[in-house]
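Please work through the exercises below with the sequence and the coordinates side by side. Each task sentence is followed by a solution that goes step by step.

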Amino acid sequence: MSARISALMESTASGDRSAADALFSALYSELHRLAERELANRGKGLTLGATTLLHEAYLDMARREGTVFPDRARFMGYAARVMRSLIVDYARDRRARKRGGEFELVTLDEQAAGPAAGTEDLEEIQAAIERLTAVDPTLAEVVDLKFFCGFSLGEIAAMRGASERTVQRAWEKARLFLYRSIRDGAVD
C-alpha cells in the first residue's frame with residue numbers, strides 16, 4: 001500500500017485532482033482515527049464529531065493550491081495541523097458566541113451549553129507550536145507526528161530515514177521548547 005500512497009502523492013503533486021481524491025480515500029480510515037484522537041485530546045466538551053472534523057480538514061486542504069507532500073509522514077503531519085487549527089477555530093467561535101458574539105434576547109439554559117473546555121489551553125498550545133515552527137520546522141513536524149498523529153518514535157524514525165535516537169532527541173528538544181514557550185508565554 002505504501003507504493004500506492006507514494007504514487008498517489010506524486011500524481012497529486014503534479015496536479016491530478018482525481019489522485020488527490022484517491023489519496024484521501026486510501027488514507028480515510030487512518031485520517032478518521034487521527035480526527036478521533038485530535039478530538040479526544042483537544043476537543044473535549046465540543047460538539048464536533050470526528051467525521052465532520054475530517055471532512056472539514058479535507059475541504060480546507062483541497063482549497064489550498066500548490067501544497068505538495070513528498071511522503072506520507074508530511075501529509076499526516078499537515079492533516080494533523082489542519083485538524084488542530086480547525087478545533088481551535090471551532091472552540092474560539094463557540095467561546096465568542098457564548099460571550100455574546102451572536103447577541104439575541106433569549107432565555108438560555110447555561111447548564112445545557114456547558115463551558116467550552118480548555119479553549120485557552122488549545123490557543124496556548126497552538127501559539128507555542130507556531131513559535132516552534134518559526135524557529136525549527138523539523139522539530140514542529142516531529143511534534144505533529146508524535147503528539148498529534150500518535151506515531152511512535154520508531155515509526156517517525158522510519159518515515160524520516162533517521163535513527164530512533166535522533167528522533168528521540170528532537171522530540172525532547174521540542175518538548176522543552178514548548179514547555180518553556182507555554183510557561184513564559186513566548187520564547188525568543
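The exercises go from the whole chain to its core, then to a helix pair and to single residues.

Residues are numbered from 1 along each chain as its sequence is written. The model is predicted, with local features needing pLDDT of at least 70, side-chain atom pairs counting only at pLDDT 80 or more, and totals for chains, interfaces and linings using all residues, while side-chain values use heavy atoms and leave out hydrogens and water.

**Exercise 1. The chain as a whole**

Task: Describe the secondary structure, the burial and the contacts of the chain.

Solution. Begin with the elements, where helices (H or I, at least four residues) and strands (E, at least two) are DSSP runs numbered from the N terminus. The chain has 10 helices and 0 strands, and from the N terminus on the order reads α-α-α-α-α-α-α-α-α-α.

Next take burial, in which buried means under 20% relative accessible area, exposed means over 50%, and partly exposed lies in between, with a 1.4 Å probe and protein chains only. Of the 188 residues, 38% count as buried. The area that the chain exposes is about 10,800 Å², of which carbon and sulfur atoms supply 51%; accessible areas come from the Shrake-Rupley method with a 1.4 Å probe, and for residues only the protein chains shown count as cover.

Finally, turn to contacts, which are heavy atoms within 4.5 Å. Among the contacts with a separation of 6 or more, 62% come from residues 24 or more positions apart.

**Exercise 2. The largest nonpolar core**

Task: Identify the residues that touch the most other members of the largest nonpolar core, and the helix that gives this core its largest share.

Solution. A nonpolar core is a set of buried Ala, Val, Leu, Ile, Met, Phe, Trp, Tyr and Cys residues joined through side-chain atoms within 4.5 Å. In the largest one, which has 53 residues, Leu 31, Leu 34, Leu 53, Phe 75, Met 83, Leu 132 and Val 143 touch the most other members. Helix 5 (residues 72–101) supplies the largest share of this core, with 12 residues.

Now follow Phe 75 outwards: leaving out residues up to four places away in sequence, Phe 75 touches Met 9, Leu 23, Leu 27, Leu 31, Met 61 and Phe 69. As general background, nonpolar side chains in soluble globular proteins tend to be buried together.

**Exercise 3. A helix pair**

Task: Work out how helix 1 and helix 2 pass each other, and which residues meet.

Solution. Axes are lines fitted to C-alpha atoms, for helices over the stretch in contact, and angles run from 0 to 180 degrees between N-to-C directions. The axes of helix 1 (residues 2–13) and helix 2 (residues 17–26) come within 8 Å and cross at roughly 145 degrees. The crossing is left-handed, a term for a near helix turned anticlockwise from the far one by less than a right angle. On the side of helix 1, Arg 4, Ile 5, Leu 8, Met 9, Ser 11 and Thr 12 take part, and they meet Ala 19, Ala 20, Ala 22, Leu 23 and Ala 26 of helix 2.

**Exercise 4. Three residues of helix 5**

Task: Classify Arg 84, Val 88 and Arg 81 as buried, partly exposed or exposed, and find a partner for each.

Solution. Arg 84 belongs to helix 5 and counts as buried because its relative accessibility is 5%. The side chains of Arg 84 and Asp 144 are joined by a polar contact of 2.9 Å, where such a contact is a pair of N or O atoms within 3.5 Å; within protein, one must be able to donate a hydrogen and the other to accept it, and residues adjacent in sequence count only if both atoms are side-chain atoms.

Val 88, also placed in helix 5, has 2% relative accessibility and therefore counts as buried. Apart from neighbours within four places in sequence, Val 88 is in contact with Leu 122, Glu 123 and Gln 126, and the C-alpha atoms of Val 88 and Gln 126, 38 residues apart along the chain, are separated by 7.8 Å.

Arg 81 is found in helix 5 and is partly exposed, because its relative accessible area is 29%. From C-alpha to C-alpha, Arg 81 and Cys 149 are 9.5 Å apart, although 68 residues apart in sequence.

**Exercise 5. A loop residue**

Task: State whether Pro 70 is buried or exposed, and locate it in the chain.

Solution. Pro 70 sits in the loop between helix 4 (50–63) and helix 5. Its relative accessibility is 58%, so Pro 70 counts as exposed. Pro 70 and Met 9 are 61 residues apart in sequence, and their C-alpha atoms are 6.9 Å apart in space.
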